[in-house]
Amino acid sequence: MVQSTENPVRECAAALVDAIGRCGNDVDRLRQAFKAPMARLMARPDLLSMGIPRQGNNVAFSQYLYYDGQLSILLYQVPKDKPIPAHDHGIWETVFVYRGRLKHVVYQRMDDGTKPGFADLKPVDDRVLEQGDMALVAPPHDIHSFTGLTDETFGITVVNGAYKPDRHYYNPTEKTYQVKGQLNAR
Ligand SMILES: [Fe+2]
């Protein structure tokens, strides 16, 4: 493990890299291993001033707290009452609540994926995440949507590696999806 650096973001990133090395893709272990270093990071009141701006899809505020070519730690505002559409990733992804609270829904895809443009999604986990809470979604259940419930809701996403190139954005009500390969939001 990389030694402490007195840089809170780097220190957290080192702990996450260590956890990923120990846990691989065992998402239950990853959830546990991420808790302590992310809690230490989120205890910092000054994260909003520590990042580098990035292009977000639906949000005015989106920053890189950390990027090393593989591991990303992203900090972004989650709009109030404006759902981030259901989408997949192809890899695991976490959502931590740094400020405020949000509604987070995980979906299971019920169809076999053979009909272009059609997707039948069933909500399998629908909950409110409070400040400090986290969710980790991973294939084959890596479809989620979320919505800010407060004016100042900020999320932190940790992702290890590149999203799949043909990401899907779903409309569960219409049972449709669109492929948006170039988008890199959460
Ligand atoms: Fe996501």
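Visitor: What makes strand 3 and strand 10 (residues 154-160) a pair?

Guide: Two strands pair if DSSP finds at least two bridges between them. Strand 3 and strand 10 are joined by seven bridges and run antiparallel, so they count as paired under that rule. Within this pair, isoleucine 73 stands opposite valine 158 of strand 10. Please keep in mind that this is a predicted model, where local features need pLDDT of at least 70, side-chain atom pairs count only at pLDDT 80 or more, and totals for chains, interfaces and linings use all residues. Residues are numbered from 1 along each chain as its sequence is written.

Visitor: How do you know where a strand or a helix is?

Guide: They are DSSP runs numbered from the N terminus: H or I over at least four residues for a helix, E over at least two for a strand. The chain has two helices and 12 strands, and its elements run α-α-β-β-β-β-β-β-β-β-β-β-β-β from the N terminus on.

Visitor: What makes the chain as compact as a globular protein of its length?

Guide: The radius of gyration, taken over C-alpha atoms, is set against a globule rule of 2.2 Å times the number of residues to the power 0.38. The chain has 16 Å, close to the 16 Å that the rule gives for 186 residues, so it is as compact as a globular protein of that length.

Visitor: What is on the other side of strand 3, at strand 2 (residues 62-67)?

Guide: Five bridges join strand 2 to strand 3, again antiparallel. Glutamine 63 has leucine 75 as its bridge partner in strand 3. The hairpin of these strands has three residues between them, and glycine 69 there takes a positive phi near 95°.

Visitor: Which strands form the open sheet, and why are strand 1 (52-53) and strand 8 (134-137) called edges?

Guide: Six strands form it in the order 1-2-3-10-5-8, with antiparallel pairing. Strand 1 and strand 8 each have a single partner strand, so one side of each is left without a neighbour in the sheet.

Visitor: Why is strand 3 (residues 71-77) called mostly covered?

Guide: A residue is buried if 20 or more other C-beta atoms, placed from the backbone, lie within 10 Å of its own, exposed if 12 or fewer, and partly exposed in between. In strand 3, six of the seven residues are buried.

Visitor: What makes a set of residues a nonpolar core?

Guide: It is a set of buried Ala, Val, Leu, Ile, Met, Phe, Trp, Tyr and Cys residues joined through C-beta atoms within 7 Å. The largest one here has 40 residues, and those with the most contacts inside it include Ile73 and Leu75. Two residues are in contact if their C-beta atoms lie within 7 Å. Leaving aside neighbours within four places in sequence, leucine 75 is in contact with residues including Leu47, Tyr98 and Ile156.

Visitor: Why is aspartate 81 called exposed, and lysine 175 partly exposed?

Guide: Aspartate 81 has 10 other C-beta atoms within 10 Å, so it is exposed. Lysine 175 has 15 C-beta neighbours inside 10 Å, so it counts as partly exposed. Aspartate 81 lies in the loop between strand 3 and strand 4 (84-87), and its phi is near 60°, a positive value in a residue other than glycine. Lysine 175 is in the loop between strand 11 (168-171) and strand 12 (176-179), with a positive phi of about 60°.
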